[in-house]
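Reader: I would like to go through some of the labels used for this model and see what each one rests on.

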Protein chains: 2
Amino acid sequence: MATPESGATLESVATVAGVSRQTVSNVLNAPERVAPETRQRVEDAIRELRYRPNRSARSLRTRISRLIGYCIQPAPAGNLNPVLDRFVHAVTESAAAHGFHVLLFTAPTGSAGLDRYAELLAQRAVDGFVLADTVVADPRPGWLTEQGVPFVAFGRSWSGPDRGHWVDVDGAAGMTEAVEHLHAIGHRRIAFIGWPEGSGVGDDRVAGYTAACLRLGLDPRVVRAEGGAGTGRALAAALLDDAAEARPTALVCVSDESAYGALRALAERGLRPGEDVAVVGFDDTPAARLPGVDLTSLSQPIEQIGHESVLMLLGLLGVVELPPGPEHRLLRPSLVVRASSRPAVPPTEA
Amino acid sequence: MATPESGATLESVATVAGVSRQTVSNVLNAPERVAPETRQRVEDAIRELRYRPNRSARSLRTRISRLIGYCIQPAPAGNLNPVLDRFVHAVTESAAAHGFHVLLFTAPTGSAGLDRYAELLAQRAVDGFVLADTVVADPRPGWLTEQGVPFVAFGRSWSGPDRGHWVDVDGAAGMTEAVEHLHAIGHRRIAFIGWPEGSGVGDDRVAGYTAACLRLGLDPRVVRAEGGAGTGRALAAALLDDAAEARPTALVCVSDESAYGALRALAERGLRPGEDVAVVGFDDTPAARLPGVDLTSLSQPIEQIGHESVLMLLGLLGVVELPPGPEHRLLRPSLVVRASSRPAVPPTEA
DNA sequence: CTGAAAGCGCTTACAG
DNA sequence: CTGAAAGCGCTTACAG
């Protein structure tokens, strides 16, 4: 009892429809060349036999695998941010709309991992790559560009020439929006809890904060340290233990993780988030909406980033028309306001 | 300037090495058939040309794609549990060790999604599937079994006949361990916060709790409701508002998410986790170790599950020897003890 | 141990 | 509009 899928080939469809293999292929790839009634007969046969073109045979012939390579990194232990999960899903779904699938592989970070990319290319296993987890001085964009391999990165190159196509989130614009929101609800001493200089993403976010402060006539105040929630807690503690007249009334955090630490520092001092001190994070991680957390945060348009990355890549591959516009797309995050930044003081300007 | 990868074929390697294509193929697939010095010459040529067999050509000929299908579901909004992220990574890595890659696709849940599986099969795009997100009455195991398609599921079939191979976590054993841990540190009134009956996973977990209680001579007390953190908070609130002598001193929760809700209910009553009331969750989600959370939780051996799933599948495909033993593997989660269940009362038995 | 031949299932110019 | 032919790059019996 063979499975219905196992049998059908172009040949068997042709036999059933009473035409040549070529005609069946035409129905699939250039239907306008085939007379309507012939086409109908062939389509009936395809349906009856549940025929699907064999992917390997098609790839061998066309030299297109219809597979997009994606390197999956292990999520760092304790990572709160399932952003890449959503990204991969969006990429997979957008790719499917054009008959593409995603081929997953693993590789060491840095240039040690380039071999895996090279290997997939040599095998002609993929047509191009979608890159995520891009970091400062990432070797991949330069190398892929040199090799002439189509790719789109989620995340710009933060150092060196900006090579290749990318889609990214405008962290600076997001932070500007956060500061404007806090200013609008009455805050005047707004501090920033950040990462050390040189992280690209972190620098971008603090730049948006600083620019907004200057525009609004506020004094920027930035504290920085490496790390996650523990660090955020320590940095926030130092700020909150300031003399009352200097103490910030709002904390803008480079990530939700730092913000969780800051919330903890508030709790330890009996300060109520939103009432006594406002807190804003970045990433809108799932924990932000837990009862008792209710953290205001910037949400990244992950699905859109995935979708646009795929469209750009398919454009480079010639499968769809390359979307008009530059090689780069910068998308704005959106501020999700929760209890951690509800008006403490009535707006002074309205 | 062609990329070095673009050119090499079996043919060009054969020319460089001065042998026939067949001999090159033998070096790759049956090296013992080739004389050592010939083999050396061929291997040199392969290295020099950076030759890798074309995957499509190989697949077309061998009828093996060396691709494992994996359906990626969108993480439910607000999902705290990145477990599938780690699972996919483990599967990808284990597969790579045998020259396999993972093909990602999306599909609707339920029988509506079977078409996508059928399509990949008809295209011969994959050799088999690794299933995750299995649910009660999941149509996939039965259907794949009928079709004779190799697959391994992460998660057993909770209803109907147990068809096909699977690897799963022993939730009951985990909950038993949690109860024993709480009992050992002195707790005698241990309640369970669960999901409504019929979820498979939830029923398994509560069964382990109940069994442990009975064995230890404790009264099982189970409250249930649909939902996540908000529900956990409400269920915990009801328990904590009991008369003092009936109030549980420990809460075992069906998931970390319920446990976060329970922790919130404690905080709202000025109760200290671990000191006044112990709380235990399940999944060891990243948020469990946030400062101020420190939730005791059961950690699933995800990497091992991924690894064993792949080995089983490759066994079914005849690529490796099928691991001895049954078609099913049940792995124990491990209890990670944190501050939410540190001894409140000195152990009464030691 | 090595080589010539067939064929996996498809697509793409090219005649008719 | 339709069909016969070539060929994508590989592996696998089969002779020598």
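Author: The model is predicted. Two strands count as paired if DSSP finds at least two bridges between them.

Reader: Why are S2(A) and strand S2 of chain B called paired?

Author: The two strands, S2(A) and S2 (residues 101–105) of chain B, are joined over three bridges in the antiparallel sense. The rule asks for at least two bridges, so S2(A) and S2 of chain B pair. In one of the bridges, Val102(A) has Leu104(B) as its partner.

Reader: What makes the contact of Glu119(A) and Arg52(B) a salt bridge?

Author: The N to O distance between the side chains is 3.3 Å. The cut-off is 4 Å between a side-chain nitrogen of Lys or Arg and a carboxyl oxygen of Asp or Glu, so the pair qualifies. The count between chain A and chain B is two salt bridges.

Reader: How is the size of an interface often given, and what is the value for chain A and chain B?

Author: It is often given as the accessible area lost when the parts come together. Chain A and chain B bury about 4800 Å² between them, with 65% of that on carbon and sulfur atoms. The contact involves 55 residues from chain A and 54 residues from chain B.

Reader: Why does Gln22(B) count as being in polar contact with DNA strand C?

Author: One of its polar side-chain atoms is 2.7 Å from a base oxygen of the strand. The limit for a pair of N or O atoms is 3.5 Å, so Gln22(B) meets it. Arg58(A) also has a polar side-chain atom 2.8 Å from a phosphate oxygen of DNA strand C.

How values were computed: Residues are numbered from 1 along each chain as its sequence is written. Chains are lettered from A and ligands numbered from 1 in the order in which they are written. This is a predicted model: local features need pLDDT of at least 70, side-chain atom pairs count only at pLDDT 80 or more; totals for chains, interfaces and linings use all residues. Side-chain values use heavy atoms; hydrogens and water are left out. Contact means heavy atoms within 4.5 Å. Buried area is the accessible area (1.4 Å probe) that two parts lose on being put together, summed over both. Helices (H or I, at least four residues) and strands (E, at least two) are DSSP runs, numbered from the N terminus. A polar contact is a pair of N or O atoms within 3.5 Å; within protein, one must be able to donate a hydrogen and the other to accept it, and residues adjacent in sequence count only if both atoms are side-chain atoms.
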